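I opened my notebook today to look around a protein model, one piece at a time. Here is what I looked up, in the order I went.

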Amino acid sequence: MTQTPRIIRTQVGIIGGGPAGLMLSHLLAQAGIENIVVEKRDHETIRNTHRAGILEAQAVAMLTDSGVNGRVLTEGDEHAGIDLRFNGESHPLDFRDLVDATVTLYAQNEVFIDLAAARKRDGGDVRYEAEVTEILGIETDTPKFRFTDAAGTLFEVHADVIVGADGSRSFTRRQMPAAQRNDFKVEYPFAWFGILTQAPKSSPELIYANSPHGFALISQRSETVQRMYFQCDPNENVDDWSEDRIWSELQRRVDGPDGFQLATGPIFDKTVLGFRSFVREPLSHGRLFLAGDAGHTVPPTGAKGLNLAFADVKVLFEAIDSFYTTGSDRLLAGYSDLALKRVWKAQNFSYWMTSMLHTPVGADPFMTRRALGELETVTSSRFGQQYLAESYTGWPHA
């Protein structure tokens with residue numbers, strides 16, 4: 001027997017309840033714009049999915065200035081630079097001196113916790129364990145989507161605008177007509193082997209290391225928990241790696257004449273993180289708009305993923321707010337073009353950082369030496385350092 005859907009009427013329907021979807025929902029609610037968020041996963045799954053997060057100052061400001069929570073200021077770890085390490089030597093870049101900016105280490109699941117709590121505090125309508133099964137009428141003024149909740153009840157959301165913020169495996173993205181979209185993508189021949197370890201910090205700043213054995217990133221999480229990565233084959237099995245083998249591999253990638261040694265400890269999480277670059281053009285069709293990973297993904301080398309999502313959200317929020325304030329859809333029509341300008345800048349920076357720091361598969365001698373020459377050029381020039389620092393800490397939001 002076919003179930004008759006229960007109708008929900010709202011102004012903006014948001015598919016995806018990760019940081020991008022929840023931040024947009026929060027900003028819309030602050031402006032008095034009704035919205036509903038529908039998320040396939042349950043709250044605890046998202047809360048316990050450990051993902052690194054390096055937030056630009058503008059992303060931190062979005063959390064604090066909008067009244068989400070100030071926890072990012074007390075629990076986040078502000079950083080004023082990074083170390084580029086190659087040929088066994090570290091080359092510090094001081095972001096404050098170069099571009100008067102900083103970044104803050106604050107894990108993505110912590111961002112989710114803050115945003116989810118803010119939506120609950122403010123009475124937001126967020127439905128977890130709710131799977132969207134159909135999107136209708138995106139070329140009309142009253143687009144709709146259907147979802148089934150955890151109890152099996154079917155709902156149909158009637159909105160003015162639908163936003164897809166449902167991540168890199170986006171269902172929403174697939175609803176755009178094939179003839180009116182272009183996908184641009186690059187698959188990388190390597191991945192990152194990531195760990196979380198109970199250990200003190202090995203360095204006050206993040207270390208991005210180019211070595212003959214492959215790339216390594218020595219990052220932090222807190223005073224007692226650290227996150228580290230090393231370049232690996234995408235098909236690597238984490239179960240094949242003992243703690244001793246992991247520490248030995250990480251150490252040989254940062255070894256140098258200065259005798260630098262990693263601070264080690266018990267490893268309690270291991271994962272392999274695949275790499276790809278992807279952009280959907282356009283980011284909108286009719287009354288359907290994509291934000292964050294639903295519209296684009298970047299390799300993590302440039303620390304741009306969550307920051308791009310928040311930049312999308314800011315542009316899209318201002319467009320939706322203008323739509324209801326003025327009655328004009330001019331900014332909505334311009335959303336994709338404006339957001340994509342920043343997306344392609346971030347794609348370029350992320351690709352550049354990735355190619356400069358990783359060891360080519362097959363260890364082509366020319367490409368290996370060329371990357372070292374590029375690192376030498378960047379670190380020996382204040383202008384080169386400023387370009388990297390400006391891109392890493394983020395361009396102004398549109």
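**Entry 1: a covered strand.** I began with strand 12, where both faces are covered: Leu154, Glu156 and His158 are buried on one side, and Phe155 and Val157 on the other. Strand 12 spans residues 154-158, and five of its five residues are buried. My note on the word: buried means under 20% relative accessible area, exposed means over 50%, and partly exposed is in between, with a 1.4 Å probe and protein chains only. Another note: helices (H or I, at least four residues) and strands (E, at least two) are DSSP runs, numbered from the N terminus.

Before going on, I wrote down the ground rules. This is a predicted model, where local features need pLDDT of at least 70 and side-chain atom pairs count only at pLDDT 80 or more, while totals for chains, interfaces and linings use all residues. Residues are numbered from 1 along each chain as its sequence is written, and side-chain values use heavy atoms, with hydrogens and water left out.

**Entry 2: the partners of strand 12.** Which strands are joined to strand 12 by bridges? Strand 1 (residues 6-9) runs parallel to strand 12, and four bridges join them. Strand 11 (residues 144-148) runs antiparallel to strand 12, with five bridges. Two strands pair if DSSP finds at least two bridges between them. I looked up one bridge on each side: Arg9 has His158 as its partner, and Arg146 has Glu156. Strand 11 and strand 12 also form a hairpin with five residues between them. In that turn, Gly152 has a positive phi of about 90°.

**Entry 3: an open sheet.** Next I traced an open sheet of six strands, in the order 9-3-2-13-22-21, with mixed pairing. Its edge strands are strand 9 (125-127) and strand 21 (284-285), each pairing on one side only. Strand 9 pairs with strand 3 (residues 35-38) in the parallel sense, over three bridges. One detail I liked there: Asp125 in strand 9 is the bridge partner of Ile36.

**Entry 4: two helices with a ruler.** How far apart are the end C-alpha atoms of helix 6? Helix 6 (residues 108-121) has 14 residues that should span 20 Å at 1.5 Å a residue, and its end C-alpha atoms are 20 Å apart, which agrees. The expected span is 1.5 Å times one less than the number of residues. Ten of the 14 residues of helix 6 are buried, including Val111, Phe112 and Leu115. Just after helix 6, Gly123 takes a positive phi of about 75°.

I then tried helix 7 (residues 243-254), which has twelve residues and reaches 17 Å from first C-alpha to last, close to the expected 16 Å. Among its buried residues are Ile246, Trp247, Leu250 and Val254. An α-helix has 3.6 residues a turn, so residues three or four places apart point the same way. The buried residues of helix 7 pack against several strands, including strand 6 (81-86), strand 15 (191-198) and strand 19 (267-273).

**Entry 5: two residues of helix 8.** Is Leu316, in helix 8, buried or exposed? Leu316 is buried, with a relative accessible area of 0%. Beyond four places in sequence, Leu316 touches Leu24, Val163, Phe289, Leu332 and Tyr335. Contact here means heavy atoms within 4.5 Å. Ser336 is 20 residues from Leu316 along the chain, and their C-alpha atoms are separated by 8.9 Å.

Ser322 lies in helix 8 (residues 305-326) too. At 15% relative accessibility, Ser322 counts as buried. Not counting residues up to four places away, Ser322 touches Gly327, Ser328 and Leu331.

**Entry 6: domains and cores.** The domain assignment gives domain 1 (6-79 + 103-185 + 276-353) and domain 2 (188-275 + 363-393); such bounds come from an automatic or database assignment. Their centres, taken over C-alpha atoms, are separated by 30 Å. The contact takes 26 residues from domain 1 and 23 residues from domain 2. About 2000 Å² is buried between the domains, and carbon and sulfur atoms give 62% of that area. Buried area is the accessible area (1.4 Å probe) that two parts lose on being put together, summed over both.

Last, I looked up the largest nonpolar core, which has 98 residues; Tyr208, Leu388 and Tyr392 touch the most other members. Both domains give residues to this core, so it lies between them. A nonpolar core is a set of buried Ala, Val, Leu, Ile, Met, Phe, Trp, Tyr and Cys residues joined through side-chain atoms within 4.5 Å.
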